[in-house]
Amino acid sequence: MKRIGLIILSLLMTVCATQAQTANDSVRIKLQTTAGADIAIDGDWSSTNIMYTKVATGQHNVTVRYGSLFEKNYPIEVSTTGNTEFSFLIEGEANISSMPKATIFLDGIPQGLTPQTLKIVGTHNIKIKGDEKEYFDISDQITINPFEKKDFSYTLKKRPPRLYGMVIANYTGCKAYGATLALCRNWGAYLRLATSDGQFGGIDADGYPEPNHDGNYYGTGIFKKKDPSYTICTAGVMKRCHKYLFAYIGAGYGQFGQTYEQIIDTDNKEPNYSTERYVSGAKGVAGDIGIIVKYKALLLQVGYASILTGKFGDTKWHHDPYIGLGISIHKNKKRN
């Protein structure tokens with residue numbers, strides 16, 4: 001009986017020693033593959049693409065699977081002094097470029113500016129986002145298979161210019177005041193009105209022509225009215241030539257008139273004089289051309305108008321440069 005007990009004790013000690021040696025030879029390792037893929041060691045599959053497990057030292061077999069597209073076995077050697085982290089990436093390459101340069105978003109996460117190579121696999125949503133004031137975003141869905149390389153090139157589409165409303169106060173060279181109203185995106189239209197409050201006449205309170213008399217001597221001459229009568233109404237097309245520059249051209253109706261007084265004094269002594277009064281001017285079709293410079297909401301207008309037909313008196317045409325100052329009112333489009 002004593003001999004049998006010694007044998008059993010020896011067997012128990014051997015089993016314990018073997019278990020202790022096995023426990024001492026096991027190593028905790030990390031296995032990793034690309035997101036979306038599955039990984040296993042010796043047939044033990046992980047529920048994610050990263051796996052932490054404890055294995056015995058020696059040879060093991062790692063399997064990586066990506067749906068029905070890819071499956072491969074990788075042998076590894078595990079030791080107590082060797083590597084404990086193993087990566088088996090099966091990424092492809094998506095080479096993404098755009099005109100102009102823009103920010104890439106991969107599944108909602110910014111990746112930097114184009115051009116860029118993304119190491120990915122599977123199906124992903126991407127967005128190419130440029131300057132939101134100038135360009136529309138581009139959204140796309142791309143699929144990259146394991147170890148596949150694909151090129152993707154995008155051209156961002158320009159947003160149309162904002163719709164601008166314009167209100168401008170004008171002043172012309174013949175002391176007329178007016179206003180320009182306009183509406184323009186890329187193309188547009190405008191309406192301009194101007195008028196003066198001048199009256200045909202020009203006689204002072206004493207009944208004599210206003211300027212050019214010296215004491216009792218009046219002489220003989222023609223005296224022109226200071227404040228002429230002026231009215232113009234034009235409308236036409238407008239074009240956005242640049243981000244800050246608009247040009248326009250139009251036509252309409254205009255009328256300009258001045259009163260002249262002629263005095264005749266034969267003996268250089270008052271009241272021996274006589275006067276003749278007549279009106280000269282132009283009316284009829286008017287042409288209009290000009291530019292508008294925009295800085296933020298401020299507008300500066302420079303234009304030139306001409307009454308082209310319908311003369312009366314001794315005037316064939318009448319021309320007037322004008323300037324204006326105003327503000328713009330724009331409609332913001334919703335930026336997605």
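Biologist: What is the relative accessible area of E134?

Modeller: This is a predicted model: local features need pLDDT of at least 70, side-chain atom pairs pLDDT 80 or more, while totals for chains, interfaces and linings use all residues. Residues are numbered from 1 along each chain as its sequence is written, and side-chain values use heavy atoms, without hydrogens and water. E134 is partly exposed (between buried, under 20% relative accessible area, and exposed, over 50%; 1.4 Å probe, protein chains only), because its value is 24%.

Biologist: Which residue meets E134 in a salt bridge?

Modeller: A salt bridge puts a side-chain nitrogen of Lys or Arg within 4 Å of a carboxyl oxygen of Asp or Glu. Here the N to O distance is 3.6 Å. E134 sits in the loop between β12 (122–129) and β13 (138–144), and its partner, 109 residues apart, in the loop between β19 and β20. The partner is K243.

Biologist: How many residues apart in sequence are E93 and K119?

Modeller: Their side chains form a salt bridge, 2.6 Å from N to O. E93 is buried at 17%, whereas K119 is partly exposed at 47%. E93 lies in strand β8 (92–99) and K119 in β11 (116–120), strands being DSSP runs (E, at least two residues) numbered from the N terminus, so the pair ties together parts separated in sequence by 26 residues.

Biologist: How far apart are the C-alpha atoms of S328 and Y164?

Modeller: S328 is in strand β24 (318–331). S328 counts as buried because its relative accessibility is 9%. Along the chain, S328 and Y164 are 164 residues apart. Their C-alpha atoms are separated by 6.3 Å.

Definitions and conventions. Helix = DSSP H or I, 4+ residues; strand = E, 2+ residues; numbered from the N terminus.
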